[in-house]
Amino acid sequence: MLQEQFSTGNSQIHRLDPRFKVVVATVYAFVVALSNRFPALIAALIFSFALVGLCRLDFLEVAKRIALVNGFIIFLWLVVPLTFAGQPLFYLGPFGVSSEGVLVSARITLKSNAILLAFIALIASSTVATLGSALSRLRIPEKIIYLLLLNYRYIFVMEEEYRRLLRSASIRGFRPTSNLHTYKTYAYLIGMLFVRASDRAERVYKAMLCRGFAGRFYSLHEFSFSRLDLIWLVVMTIAIIGLEILEWVKIA
Amino acid sequence: MGENSVIIQLENIVFSYAGSKPVLDDLCFTLEEGTKLGLIGQNGSGKTTMLHIIMGLLKPSSGTIRAFGKPIETKKDFLEVRRKIGFLFQDADDQLFCPTVLEDIAFGPLNLGKSPTEARKMVMETLERLNLKGFEERVTHKLSGGEKKLVALATVLVMEPKALLLDEPTTGLDEDTNIRIITLLNQLDISYVIVSHEYDFLAQTTREIYGIHDGRISYHGDSNTLHSHYHKHAAARTPHHHRALHADVEGACC
C-alpha cells in the first residue's frame, strides 16, 4: 500500500513551498537527463544524495526504492554492452563487449539514480494531495491533476476488489497453472475489474454531482513563498549552474 | 398542510432500466417538512432508484417531480435541488474521493461558492458536531468502514441541507457506529428519508414507515405502533409486524 511515508517530516526541504519543489525538481531532472559527461553526472549523484540526507528520511526505505529501479538497470547492463556498436573492450565467448555500450549503461545508471533521489527528496516529501494543489497553482490542466488524485484515491479500492475476486476464485479451487483455463480465468477477472471500475466511476461521479459539482474543482490550499524558499532557490540555482559548468567547460 | 411545507413530491413516476419491466410503476411519494420517514423494501424493489430520481441522477420515463413547491424539470432545477437536499450514498467509498478528510468535506462548500477560509471553518464545525475532531488530516482511504460512513455523513451535513436522503446508511457497520448514527440522526432537526431493509434501524430513527413493493409505495404505519421494543435476534432485520397490533398488515410474523 502507498504509505506516503516520506511526506511526514519537518526538515527544511519538507517545509519548502511545494510549487517551488515541483518546478525545481523538473528543471533539475532535465539538466541531469541531458548531461553526458561523467564529472557532471557524478556531481549530480552526490548532490542528490545530499538532498535526501537533508530530508532526514529513513535510509532503509530509500534504499528499497533505489534497489527497485536498479533492478531494471541490471537488465540494461546485461543487454546494452553486448549489443551496442563500437570498439570491443573484451570478449565474452563469441560476444564482444563494447566500451561505448559500457559507457552508455554507466551514464544511464548515474542519471536515473540522481533523478530518482532528487525526486524522493523534493517530490515525495509532499503528500499527493499537496502536490495536486501545487500543480493546479502551476496552471497544469485540471484534468491531468484529477487523473492523478483520483488514481491515488481509488487504486486501493480497485486493488481490494481484485483481491476479492481472486479470493473467490481460489476458494472455489482455482490454482493458476499455465493452461487455457488459467488464462481464461485471469481474463475474466480483469474484465470484471474493468466493469466494476466503470461502475464505481459512475457512482463517484453521481456522488460528486449531489454535492454541487459543476465541472470545476476548487482548492483549499494556500501556499506562500517564504525566506526559506528564497534561500533554496539560490542553492538549487547554484547547483544547476555548477552541473552545467561541469558539463560544458573542459577541465584540463 | 400547505404547498410550502412540502419538500419533495413525486407524482405518477414510471421508471425502468433498459430492457426490463418497470422498477417504479406509477409511484407517488411526498416528504413534508419536519417528517422523518423510513422506506423499506426488498433488494431490487426500487428504493435506491427512487432516491436517484429525486436527485436527478436518473430520469423517469413519465411522471412529475416537485421540490419546495416548484416543478423540477431542467438540469438547472436539479442543481438547485442538490444544493438543498443532501444524499448519503450506500457505499462511503463512492462519496469520499478526495485524498484527505478536510478536502473531502470542503468539496461541497467550495462548490457552493464559499471561500477556502470559510470552507475550512465549516469543515471544522461539522467535524466537531459529529465528534470527529482531529480527523481533518486523515487520509480517506485509510479510514475504517465506520469512520468512512461518519465522514461521508459530514460531507453531506456540511452543506446545511434542508432535507437528507440516506441510502442504506447502516449496511456493513458495527454496532458502535450504528448507535452513533442513530443518535446523530435523532438529533437532526431536518427532514429525512431513510431507505433500508432493517426494520429495527428504521424504528429507531424514523416516525413513519412506508414500504415499497411492485413499484409503488404503501403506508406501513407509525414506527411506534409497528415496533415498540428492540430486537437483538437476527429475524428483526427482516420486515415483520406484531400480530396483536397489526394483524391486517402484510408480512405478519412473530
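What is the volume of the largest pocket? In this predicted model, for which local features need pLDDT of at least 70 and side-chain atom pairs count only at pLDDT 80 or more, while totals for chains, interfaces and linings use all residues, side-chain values use heavy atoms, with hydrogens and water left out. Residues are numbered from 1 along each chain as its sequence is written, and chains are lettered from A and ligands numbered from 1 in the order in which they are written.

The largest pocket has a volume of about 420 Å³. A pocket here is an open set of points on a 1 Å grid over the protein atoms alone, with protein on both sides within 12 Å along at least five of seven lines, and its lining residues have an atom within 4 Å of a point; grid points are joined across faces, edges and corners, and a volume is the space filled by probe spheres set on the points. The lining counts 29 residues, and those nearest the centre of the pocket are Ser136(A), Tyr146(A), Phe217(A), Tyr218(A) and Ser219(A). Both chains take part, since at least two lining residues each come from helix H5 (128-137) and helix H6 (142-170) of chain A and from helix H4 (101-111) of chain B. Helices (H or I, at least four residues) and strands (E, at least two) are DSSP runs, numbered from the N terminus.

Closed spaces were searched for as well. A cavity is a set of points where a 1.4 Å probe fits but cannot get out, and the whole structure holds two cavities of 30 Å³ or more. The largest cavity encloses about 60 Å³ and is lined by Ala67(B), Phe68(B), Lys70(B), Ile72(B), Asp77(B), Glu80(B), Val81(B) and Lys84(B). Helix H2 (residues 75-84) of chain B gives the most to this lining, with four residues.

Chain B as a whole contains 10 helices and 10 strands, and 55% of its 254 residues count as buried, where buried means under 20% relative accessible area, exposed over 50%, and partly exposed in between (1.4 Å probe, protein chains only). Of the contacts in chain B between residues at least 6 apart in sequence, 64% join residues at least 24 apart, a contact being heavy atoms within 4.5 Å. Helix H6 (residues 145-157) of chain B is mostly covered, with 11 of its 13 residues buried, and among the elements that cover the buried residues are strand E6 (85-88), helix H5 (116-129) and helix H7 (175-187) of chain B. The end C-alpha atoms of H6(B) are 19 Å apart, which agrees with the 18 Å that its 13 residues should span at 1.5 Å a residue; the expected span is 1.5 Å times one less than the number of residues.

In chain A, the 25 residues of helix H3 (residues 59-83) should span 36 Å, and the end C-alpha atoms are 36 Å apart, in agreement. H3(A) nevertheless has a kink of about 25°, centred on Gly71(A), the bend at a residue being the angle between axes fitted to the seven residues ending there and the seven starting there. Buried residues of H3(A) include Glu61(A), Ile66(A), Asn70(A) and Ile73(A), and the buried residues pack against helix H2 (38-55), strand E2 (95-98) and helix H4 (99-122) of chain A. At the N-terminal end, H3(A) is capped by Asp58(A), whose side-chain oxygen lies 3.2 Å from the backbone nitrogen of Leu60(A). In the loop between H2 and H3 of chain A, Arg56(A) has a phi near 50°, a positive value in a residue other than glycine, and Arg56(A) is exposed, with a relative accessible area of 67%.

Two further residues of chain A offer a contrast in setting. Asp17(A), in the segment before helix H1 (18-34), counts as buried because its relative accessibility is 3%. Its side chain makes a polar contact of 2.6 Å with that of Arg19(A); a polar contact is a pair of N or O atoms within 3.5 Å, where within protein one must be able to donate a hydrogen and the other to accept it, and residues adjacent in sequence count only if both atoms are side-chain atoms. Glu222(A), in the loop between helix H7 (180-210) and helix H8 (227-248) of chain A, is exposed, with a relative accessible area of 57%. Leaving aside neighbours within four places in sequence, Glu222(A) is in contact with Arg137(A) and Pro116(B).
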